[in-house]
Amino acid sequence: TALRMNSNTLCESGAARLANLLPRCVLVKQLDVGDNFFGPAGAALLSKSLPSCPNLTQLMMRQDEIGPQGMQYVAEVLPLCASLE
């Protein structure tokens, strides 16, 4: 199952809403949130919910304007996402 939220011009508030929704999306295997405007704060919000997706095998976050700090937030939770390839 894929959840494609790419190119939706989602900003920090959109990332927060998606982060609240992800724990209920336990069947999602692919999450594409590329080409949005999350910024570092949105990446922090979204990354906190990633471990609650037990079947997530692919995460696509290209061109989300998250910068080095946002990437650090995502990198910190990757070890908790056992199914990511």
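This section describes the fold, the charged side chains and selected loop residues of a predicted model.

The protein chain contains 3 helices and 3 strands. Along the sequence, these elements follow the order β-α-β-α-β-α. A compact globule of 85 residues would have a radius of gyration near 12 Å, and the protein chain, at 11 Å, agrees with that expectation. Along the principal axes, the C-alpha atoms occupy a box of roughly 25 × 25 × 20 Å. Of the 85 residues, 39% count as buried. The accessible surface amounts to about 4700 Å². Carbon and sulfur atoms supply 56% of that surface.

Contacts across the sequence were examined next. Among contacts in the protein chain with a separation of 6 or more, 88% link residues 24 or more positions apart. Strand β1 (residues 2-4) offers an example in L3. The C-alpha atoms of L3 and D32 are 6.3 Å apart in space, although 29 residues separate L3 from D32 in sequence. L3 is also in contact with D32, once neighbours within four places in sequence are left aside. On the same basis, the contacts of L3 include L18, L22, V28, Q30 and L31.

Helix α2 spans residues 39-49. Its buried residues are G39, G42, A43, A44, L46, S47 and S49. The cover over these buried residues includes α1 (12-21) and α3. In general, an α-helix has 3.6 residues a turn, so residues three or four places apart point the same way.

Charged side chains were then considered. The protein chain carries 6 positive and 7 negative side chains. The centres of the two sets lie 10 Å apart. The structure holds 2 salt bridges. In one of them, R62 pairs with D32, and the closest N and O atoms are 3.2 Å apart. R62 sits in the loop between β3 (58-60) and α3 (67-77), whereas D32 belongs to strand β2 (residues 30-32), so this pair ties together parts that are 30 residues apart in sequence. The burial of the two partners was also computed. D32 is buried, with a relative accessible area of 7%. R62 counts as partly exposed, at 36% relative accessibility.

R62 also forms a salt bridge with D35, with an N to O distance of 3.8 Å. D35 lies in the loop between β2 and α2, and R62 in the loop between β3 and α3, so the pair ties together parts that are 27 residues apart in sequence. D35 is partly exposed, with a relative accessible area of 24%. Together, D32, D35 and R62 are linked in a network of salt bridges.

Another acidic residue, D64, is found in the loop between β3 and α3. Which side chain of opposite charge is nearest to D64? The nearest is R62, 7.3 Å away. D64 is buried yet has no salt bridge. A salt bridge requires a side-chain nitrogen of Lys or Arg within 4 Å of a carboxyl oxygen of Asp or Glu. Apart from neighbours within four places in sequence, D64 is in contact with V33, G34, D35, N36, F37, F38 and G39. Of these contact partners, D35 also belongs to the salt-bridge network with D32 and R62, and G39 is one of the buried residues of α2.

The backbone of the loop between β3 and α3 was examined at two further residues. Q63 lies in this loop. Its phi is positive, at about 50°, although Q63 is not a glycine. Q63 is exposed, with a relative accessible area of 63%. E65 is found in the loop between β3 and α3 as well. E65 has a positive phi of about 55°, and E65 is not a glycine either. At 55% relative accessibility, E65 counts as exposed. In sequence, D64 stands between Q63 and E65, but D64 is buried.

Notes. Residues numbered from 1 in each chain as written. Predicted model: local features only at pLDDT ≥ 70, side-chain atom pairs only at ≥ 80, totals over all residues. Heavy atoms only, no water. Helix = DSSP H or I, 4+ residues; strand = E, 2+ residues; numbered from the N terminus. Rg over C-alpha atoms; globule rule 2.2 N^0.38 Å. Buried < 20%, exposed > 50% of the residue type's maximum accessible area, 1.4 Å probe, protein only. Contact = heavy atoms within 4.5 Å. Areas by Shrake-Rupley, 256 points an atom, 1.4 Å probe, with all protein chains shown as cover. Lys, Arg positive; Asp, Glu negative; His and termini not counted. Charge placed at Lys NZ, Arg CZ, Asp CG, Glu CD.
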